[in-house]
2 protein chains.
Amino acid sequence: MVKIAVDAMGGDNAPGQIVAGVADALDICGDIHALLVGREEAIEAELGKYSPDRSRITVVNASEVITNDEPPANAIRRKKDSSIVVGMKLVRNGEADAFVSAGSTGAVLVGGQTLIGRVSPQLRRAALAPLIPTEKGVSLLIDCGANVDARAVDLLQFARMGSIYMEHVIGIKQPRVAIVNIGTEEEKGNALVKEAFPLLRACRDIRFIGSIEAREIPHGGADVIVCEAFVGNVILKLYEGVGSTLIHMVKQGMMGSLRSKIGALLVKPALKDTLKVFDASEHGGAPLLGLNGLVVKTHGNAKAAEISHSLIQCVSFAREDINGKIKKSLADEEGQSVLQED
Amino acid sequence: MVKIAVDAMGGDNAPGQIVAGVADALDICGDIHALLVGREEAIEAELGKYSPDRSRITVVNASEVITNDEPPANAIRRKKDSSIVVGMKLVRNGEADAFVSAGSTGAVLVGGQTLIGRVSPQLRRAALAPLIPTEKGVSLLIDCGANVDARAVDLLQFARMGSIYMEHVIGIKQPRVAIVNIGTEEEKGNALVKEAFPLLRACRDIRFIGSIEAREIPHGGADVIVCEAFVGNVILKLYEGVGSTLIHMVKQGMMGSLRSKIGALLVKPALKDTLKVFDASEHGGAPLLGLNGLVVKTHGNAKAAEISHSLIQCVSFAREDINGKIKKSLADEEGQSVLQED
């Protein structure tokens, strides 16, 4: 059994869609035991709407909720009985293998790093690694929010962790790793990229294909896209912003004349299918890689399907022993450094 | 008369579309004198196709062309008779007020800074400032490529120059200035943003509205969007990449069934109008702000319309004495610093 703690109170659609997603996941996968964390009576009321296998559900009461408006570090310190703090402690104490939350990104990031801790002393920083949709499927964008002002060695560790995740959870053999840059020539870039580039090229555990310009990301130019968190955050949010703006404008534009209104009715199903391809929530949430356990952050507006996918993602993560593989990779890295120093 | 040197050899559609655009601009605006720089016989052959007012055209021969593949600094140093070097020298020597090129971005950036020089000794760095389309119109993104590893004082100067340009060339009264950040709270951000934020807030010449998340850029959340060049480059290229990918997918999706094919025919004109709104080339090229003269970089694939718009843009720039206003603003800044130190 993979034991997954789920923040029943996090996000815009809690607890209804969270509980619905958990019920779906339990139906799909017989190996999940879910620990629903939050206000007991609210959770029970939602559970009453489904007929899930109660032998695989534990409700863990947590009386407080951390909101998006609170400074994350403060909230984690003060709200000891919040669903995020209680859920993360279940992971820290080994009572759960993973924790899934649609709640405050900041609180999930801070909580993950302070309450659960890192998978290995060699790892400097954990990284938030969402999947972003491309023409060809999905790419992993690492890092997107856990650390500002990262160093070159961090980017190398992100590349290793991201590669392992894409290969063993998403199933892409020998994923292509690229670093976000302002040109494809090696001499291009800021100080951080210039320092990280040779480290990535020298790393034997990854398939480094060089620099990627932001223009090529949506075309699926790489499977693992390495960047520091500020740039990653800009990419992730601009992706959403340009996408939603364009789709809104296209839909609005079609409503301008009778002719195009009729056309819009006819293209609607095709358009819906296309936009579904460009919807990352199909692939579950963003893992916070490098923790001693797994934390998955879903979108704040996640519905049952994304929650359910996130739980399945946790099962793959546990079965493939991703953390064991990350530990081994980071230990090898240490070995390599020692060799290089010799 | 505003004297505008134009790189007749730069970009994918040179010299045909370049000369066509110049001919259009001369028709639209009686105050332009164009200096077409490049291979004389090629330019004359194109001019023969139109009947422009030859009294307002000078052909300046330049035998060499700088390509996109060459390292820019090298190319500028070596190819003394290239259209970019010859055109920029016309600006430096006061024989032209502005230079427009669709050629190598790197060469235009390097050439602008080394051959023309800065508008004022107070300015540390010139900045490339393209207009990007939004739901509400356009925003100016500054800086997008002239400098890596910028400092906080650079961002303040970018904000001042960008504000002046948006107000007096694009016509947006008291443009809203925002800094790209990973959240809207003041304590968010990397070291550079945290240092620049109070400088921007304290500046009396601009209307600073705080941080902007990348998600809000396409929604038109600010008129002048300040960031360092690496981030600006990522934003600019991802804008293009997500836009073109989505449009491609929407078009392809519509070709999937007979029903949607018929619908596609009906929505085509509306879709075309919508996408035109989201096309920055309507507003001319990207100015390189802060030079002792004006350099405008258009898209490499610019056609006649973008070239023509860029020439008109140069006329507004000269008439509104943007460089005079930038000089004054930077001198005031020096005054403010002196006051602050007292």
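In this predicted model, helix α5 (residues 105-116) of chain B lies across four strands of that chain, namely β4, β5, β11 (286-289) and β12 (294-297). The direction of α5(B) runs at about 175° to β12(B).

These strands belong to an open sheet of 7 strands in chain B, with the order β3-β2-β1-β4-β12-β11-β5 and mixed pairing. At the edges stand β3 (57-61) and β5 (127-128) of chain B; each has a single partner strand, so one side of each is left without a neighbour in the sheet. Further in, strand β1 (residues 2-7) of chain B pairs with strand β4 (residues 98-101) of chain B in the parallel sense, over 3 bridges. B:Ile4 finds its bridge partner here in B:Ala98 of β4(B). Helix α4 (residues 83-92) of chain B also packs on the sheet, where it touches β1, β2 (32-38), β3 and β4 of chain B, and its direction makes about 160° with that of β4(B).

Turning to chain A, the secondary structure comes to 11 helices and 12 strands. For 342 residues, a compact globule would be expected to have a radius of gyration near 20 Å, and the 21 Å of chain A agrees with this. Of the residues of chain A, 58% count as buried. Among contacts in chain A with a separation of 6 or more, 73% join residues 24 or more positions apart.

The two chains meet through 49 residues from chain A and 49 residues from chain B. On the side of chain A that touches chain B, α8 (229-254) and α9 (258-277) of chain A each supply at least two residues, with α8(A) giving the most, 18 residues. The residues of this side of chain A divide into 26 nonpolar, 14 polar and 9 charged.

Methods: Residues are numbered from 1 along each chain as its sequence is written. Chains are lettered from A and ligands numbered from 1 in the order in which they are written. This is a predicted model: local features need pLDDT of at least 70, side-chain atom pairs count only at pLDDT 80 or more; totals for chains, interfaces and linings use all residues. Two residues are in contact if their C-beta atoms, placed from the backbone, lie within 7 Å. Ala, Val, Leu, Ile, Met, Phe, Trp, Tyr, Cys and Pro count as nonpolar, Asp, Glu, Lys and Arg as charged, and the others, Gly among them, as polar. The radius of gyration is taken over C-alpha atoms; the globule rule is 2.2 Å times the number of residues to the power 0.38. A residue is buried if 20 or more other C-beta atoms lie within 10 Å of its own, exposed if 12 or fewer, and partly exposed in between; C-beta atoms are placed from the backbone. Two strands pair if DSSP finds at least two bridges between them. Axes are lines fitted to C-alpha atoms, for helices over the stretch in contact, and angles run from 0 to 180 degrees between N-to-C directions.
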